[in-house]
Amino acid sequence: MKTLEGRIALVTGAGSGIGQAIAEAMAAAGAEVVVAEIREEAAAATVAGIRSAGGNARAVRLDVTSETDLAEALLSVPAVDILVCNAGIGHVGTVLTTTGADFDRMMSVNVRGVFNCMKTWVPGMVTRGRGSVVNLASTAGLGGLVDRFAYSVSKHAVVGVTRSAALDLAKTGVRVNCLCPGRVETPFVRSRIAEYPDPAAAAREMASTQAMGRMAQPSEVAAAAVFLASDAASFITGAALPVDGGWTAGMFPKA
Ligand SMILES: NC(=O)c1ccc[n+]([C@@H]2O[C@H](COP(=O)([O-])OP(=O)(O)OC[C@H]3O[C@@H](n4cnc5c(N)ncnc54)[C@H](O)[C@@H]3O)[C@@H](O)[C@H]2O)c1
């Protein structure tokens, strides 16, 4: 029997990168996957890929900041066993250059979006007495990052949401954990690298921040998400798991 057989897994932002890889890996592990995305064409492509590999998936339109979308998505998907709050956006800027509007946008998508999804689907998990939430934080949620002020603040908050909710829900059968990836080779990161004057040097520099000397593949983050969502992680809740090739293992890791 596959590890997620019989489970319904909703993955936000599953039209690209890490979310797409998690949706694919959870489908391969036997889950019925709901691809919850703001970009409907991207969601359709993820669903088509999963189905062509023999998996079970469908798409639901969802902007994690929209109360209307969340209410409609709940009608369409009233019960989930696994909730992966992956949708997130980046922002480049220091504490001096980040505007109030930049800050609010980052908190709205990256933090309030996670809270919104948990408020929508966790009550049903509690009623049924089982469920697993996997949030996407970052190494930037475990320590500060130069020139990523609002992003880093938002990811520290995702770690806080995860730990506090895990305690609130500890006796309900619902576990809440988060992943803290280092740099992952997603379309988002590849397009960032392409903007540098010397993309090859930028890619080498980004790879070198990880002790292992390379970026992660999305599938390596997805494998950790499948584990945390499965019964193999039955005594793990409130964890912030680095998937960072050793980046945060050192006392003075390279930023
Ligand atoms: N790529 C990395 O190096 C890295 C490292 C650590 C953490 N993360 C985190 O992992 C998550 C995924 O990152 P990625 O690199 O795969 O990004 P990505 O940009 O490739 O994918 C993010 C997806 O989220 C969707 N999305 C954006 N806003 C949304 C909203 N309001 N509602 C619903 N969907 C929305 C986008 O359409 C996109 O498909 C993010 O939370 C990111 O912060 C990424």
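Among contacts between residues at least 6 apart in sequence, 73% join residues that are at least 24 apart in the protein, a proportion computed, like every other value reported here, from a predicted model. Of the 255 residues of the protein, 46% count as buried. The secondary structure comprises eight helices and seven strands. The radius of gyration of the protein is 17 Å, close to the 18 Å that the globule rule gives for 255 residues, and the protein is therefore as compact as a globular protein of that length. Taken along the principal axes, the box filled by the C-alpha atoms of the protein is roughly 50 × 40 × 35 Å.

The protein is divided into domain 1, which is made up of residues 8-181 + 218-237, and domain 2, which covers residues 183-215. The centres of domain 1 and domain 2, taken over C-alpha atoms, are separated by 23 Å. Where the two domains meet, seven residues of domain 1 are in contact with four residues of domain 2. On the side of domain 1 that touches domain 2, α1 and α8 (218-229) each supply at least two residues, and the residues of this side divide into four nonpolar, three polar and no charged.

The ligand is surrounded by 30 residues, of which Gly13, Ser16, Gly17, Ala87 and Gly88 come nearest. By class, the residues of this shell divide into 14 nonpolar, 12 polar and four charged. Helices α1 (17-28), α4 (100-128) and α6 (187-194) each contribute at least two residues to the shell around the ligand. Because domain 1 (8-181 + 218-237) and domain 2 (183-215) both give residues to this shell, the ligand lies between them.

Two strands were examined with respect to burial and pairing. In strand β2 (residues 32-37), six of the six residues are buried, so that β2 is largely enclosed by the rest of the structure. In a regular strand the side chains alternate between the two faces of the sheet. In β2, Glu32, Val34 and Ala36 point one way, whereas Val33, Val35 and Glu37 point the other way, and all are buried. Strand β1 (residues 8-12) runs parallel to β2 and is joined to it by five bridges, with glutamate 32 of β2 serving as the bridge partner of isoleucine 8.

For strand β5 (residues 131-136), six of the six residues are likewise buried, and β5 is therefore largely enclosed by the rest of the structure. Gly131, Val133 and Asn135 are directed one way from β5, while Ser132, Val134 and Leu136 are directed the other way, and all are buried. Strand β4 (residues 82-85) and β5 run parallel and are joined by four bridges; within this pairing, asparagine 135 in β5 is the bridge partner of cysteine 85.

The loop between β5 and α5 (149-169) contains serine 138. With 30 other C-beta atoms within 10 Å, against a threshold of 20 or more for burial, serine 138 is buried. When neighbours within four places in sequence are left aside, serine 138 is in contact with Lys155, Cys180 and Pro181. Serine 138 and serine 154 are 16 residues apart in sequence, and their C-alpha atoms are 9.6 Å apart in space.

Aspartate 147 is also placed in the loop between β5 and α5. Most residues other than glycine have a negative phi. Aspartate 147, although it is not a glycine, has a positive phi of about 65°. The surroundings of aspartate 147 include 14 other C-beta atoms within 10 Å, and this residue is therefore partly exposed.

Methionine 206 is found in helix α7 (residues 199-208). With 18 other C-beta atoms within 10 Å, methionine 206 is classed as partly exposed, a count that falls between the limit of 12 or fewer for exposed residues and that of 20 or more for buried ones. Not counting residues up to four places away in sequence, methionine 206 touches Arg183, Ile193 and Met215. As regards isoleucine 193, the separation from methionine 206 is 13 residues in sequence and 8.9 Å in space, C-alpha to C-alpha.

How values were computed: Residues are numbered from 1 along each chain as its sequence is written. This is a predicted model: local features need pLDDT of at least 70, side-chain atom pairs count only at pLDDT 80 or more; totals for chains, interfaces and linings use all residues. A residue is near a molecule or strand if its C-beta atom, placed from the backbone, lies within 6 Å of it. Ala, Val, Leu, Ile, Met, Phe, Trp, Tyr, Cys and Pro count as nonpolar, Asp, Glu, Lys and Arg as charged, and the others, Gly among them, as polar. Domain bounds come from an automatic or database domain assignment. The radius of gyration is taken over C-alpha atoms; the globule rule is 2.2 Å times the number of residues to the power 0.38. Two strands pair if DSSP finds at least two bridges between them.
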